[in-house]
Amino acid sequence: MKIKIKYKLFVAMLAATGAVVICMFLIVQWSLGRGFLAYINTIEKERFGKLAEVLEQTYTSRGSWQFLDKEPDAWPRLMAMTLPHEGSSSEQERMERIARRLPSRVANFGNISSQRMPPWYAHRFETRVFLLDTANNQIAGPPGQQNSQVDLKKITYNGKVVGYLGIRPRQRLTDRHQLLFVKQQKVALLLIAGVMLLISAAISLPLANRLVLPIRRLAASMHRLACGEFDTRVAVGPEDELGQLGRDFNTLALSLEKNEQARRRWVADISHELRTPLAILRGEIEAIQDGVREGGPESMRSLHAEVMHLGRLVDDLYQISLTDIGALTYKKSVCDLRDMLEQELDSFQPEFTQKGIELRRVFALRCELDVLADPGRLQQLFDNLLENALKYTDAGGQLVVRLERIGELARIDFEDTAPGVPHEDLEKLFDRLYRVESSRNRATGGAGLGLSICKNIVEAHEGSISALPSQMGGVLIRIELPLTGSWT
């Protein structure tokens, strides 16, 4: 059976509270028993000290302990003198009645073990107190008390010890009034513990429901997000773990929404890019079939141009797909960046001259720039950038290619003249199928994938590429690659 997290949290809080209440009940119960027993022993110690004073005064007036043997009721009377004033008369009368019931030979408790005493009387103060002489012989009190754990107090006369008063501390509560009091306290503690558990249960369920409410909302939003509703957002709570989770969820939903929009735009752009050359090819072929145009060399050149355009587009899409799935292989080796760039510029020099664009090189002197790279991919990178500059720079313009070392990086700048790109569109130049339609449109033959491929190549070489406004009115493409060589 599936248990909701609300009830799990409720049971956890209730169990924690129950454990605390039970531990508190047991500790307080133990403390109450021991504390009350210590309180009773403290009261008896006060009476014990008072009895010692009475015995010292009696010894002073009698001169010896012989009166205890001659007067069987003397010992009970002496202990009765130590009772509190409240009710002392009735207690004394009760002690005298007990003494009269006992035979005269045991009235001094000398042989009390042979008599049957009331159960409640077995652990009273009178049955645990005894008197010893200086030779540790018992004079008064129940027999056998010296063999137990006892506390002794000296009885002195004129500075000399004349006897010892001993008491066996109470080990447990036996008086019915004391036991009734402790029982009442335990029952009260039990009722308090039960009330605390009920209050905890009454508070835990609403609290658990309130704590789980943000999680429930987040789970519902996550379900909608899993169903494709990428515009789903959750209300961000306080600055805690749940609030951070809500913010992360909103960030994830925003990323998924943007990715979905990019995917749809990507599919739409690819369809549009492929539709144009296919439509031209279809029109040309249908015109030849209908006899509108003759299937001569001119028609073949037009069809060949569209097929080549379509082939370049498919190749670019294939390169992009390989980088997306990580299947684009790189065979890196140490190569001289200066030599590679010069070779590419030499191969493009006739085309720039034919279009009337000045190709100027600005290379750092006495500088050997070695990079760990795939020569074929770097050639593809330079070819794409030079083709872009050739396509999108107006005739009579200029392209400046700079190569220099900046710390441990090699920097390559491709800076051309007009037309330029609006500042807000510069960061979008590396997006797939993105073109600034006002100047760099489809008429030039580009599909908007060249710079995206360039970005993938540069990042695969642990470098960076960026687009900046050119001081000459065009665009500045800046590439930075890590070096492996050194200055010479």
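Is D346 buried, partly exposed or exposed? I looked this up before anything else, and I record that D346 counts as partly exposed because its relative accessibility is 45%. I note at the outset that the model is predicted.

**Entry 1: the salt bridge of D346**

I examined the partner of D346 next. The side chains of D346 and R361 meet in a salt bridge, with 2.3 Å from N to O. This pair links distant parts of the chain, since D346 belongs to helix α8 (residues 337–355) and R361 to strand β6 (residues 358–363), 15 residues apart. I found R361 to be partly exposed as well, with a relative accessible area of 32%.

**Entry 2: other salt bridges**

I searched the whole structure for salt bridges and found eleven. One of them joins the side chains of R282 and E286, at 3.0 Å from N to O. Why are R282 and E286 separated by about one helical turn? I note that both lie in helix α6 (residues 241–289) and are four residues apart, which means a separation of about one helical turn. R282 is exposed, at a relative accessible area of 59%, whereas E286 is partly exposed, at 34%.

I then turned to E408, which forms a salt bridge with R405; their closest N and O atoms are 3.4 Å apart. The two residues fall into opposite classes of accessibility. E408 counts as exposed at 54% relative accessibility, because the class begins over 50%. R405 counts as buried at 11%, because that class covers values under 20%. I also recorded a network: salt bridges with shared partners join R62, E71, D73 and R77.

**Entry 3: aromatic rings**

I recalled that a pair of aromatic rings is described by the distance of the centres and the angle of the planes. My search of the whole structure gave three aromatic pairs. Y59 and W65 form a tilted pair, 4.8 Å from centre to centre and with 50 degrees between the planes. I checked the accessibility of both residues: Y59 is buried, at 12%, and W65 is buried too, at 9%. A tilted pair is also formed by F382 and F414, with centres 6.4 Å apart and planes at 35 degrees.

Which parts of the chain does the pair of F382 and F414 tie together? I located F382 in helix α9 (residues 375–392) and F414 in strand β9 (residues 409–417), so the pair ties together parts that are 32 residues apart in sequence. Both F382 and F414 are buried. Returning to Y59 and W65, I noted that these two residues form one aromatic cluster with Y157.

**Entry 4: the sheet**

I followed strand β9 into its sheet. The sheet is open and has five strands in the order β6-β8-β9-β11-β10, with mixed pairing. Its edge strands are β6 and β10 (464–469), each of which pairs on one side only. On average, neighbouring strands of the sheet are turned by 15 degrees against each other, direction ignored. I reminded myself that strands of a sheet pair through backbone hydrogen bonds, either parallel or antiparallel.

How many bridges join β9 to strand β11? I recorded eight between β9 and β11 (residues 473–482), and the two strands run antiparallel. Within this pairing, I412 stands opposite I479 in β11.

**Entry 5: a nonpolar surface patch**

I looked for nonpolar residues on the surface. V195, I199, I203, L207 and L211 make a nonpolar patch of about 420 Å². I placed one of these residues, I203, in helix α5 (residues 176–226).

**Entry 6: backbone details in loops**

I inspected the backbone of several loops. The peptide bond from A418 to P419 is cis, with omega near 5 degrees. P419 is found in the loop between β9 and α10 (450–460).

Where does N136 lie? I found N136 in the loop between β1 (129–132) and β2 (138–140). N136 is not a glycine, yet its phi is positive, at about 65 degrees. I made a similar note for E462, which is not a glycine either and has a positive phi of about 60 degrees. E462 is placed in the loop between α10 and β10. I closed this entry with its accessibility: E462 is exposed, because its relative accessible area is 67% and the class begins over 50%.

Technical notes
Residues are numbered from 1 along each chain as its sequence is written. This is a predicted model: local features need pLDDT of at least 70, side-chain atom pairs count only at pLDDT 80 or more; totals for chains, interfaces and linings use all residues. Side-chain values use heavy atoms; hydrogens and water are left out. Rings of Phe, Tyr and Trp (its six-membered ring) pair if their centres lie within 6.5 Å; planes under 30 degrees apart count as stacked, over 60 as edge-to-face and the rest as tilted. Buried means under 20% relative accessible area, exposed over 50%, partly exposed in between (1.4 Å probe, protein chains only). Patches are made of residues with over 30% relative accessible area and no salt bridge: like charges are joined within 9 Å, nonpolar side chains (Val, Leu, Ile, Met, Phe, Trp, Tyr) within 5 Å. Accessible areas come from the Shrake-Rupley method with a 1.4 Å probe; for residues, only the protein chains shown count as cover. A salt bridge is a side-chain nitrogen of Lys or Arg within 4 Å of a carboxyl oxygen of Asp or Glu. Two strands pair if DSSP finds at least two bridges between them. Axes are lines fitted to C-alpha atoms, for helices over the stretch in contact, and angles run from 0 to 180 degrees between N-to-C directions.
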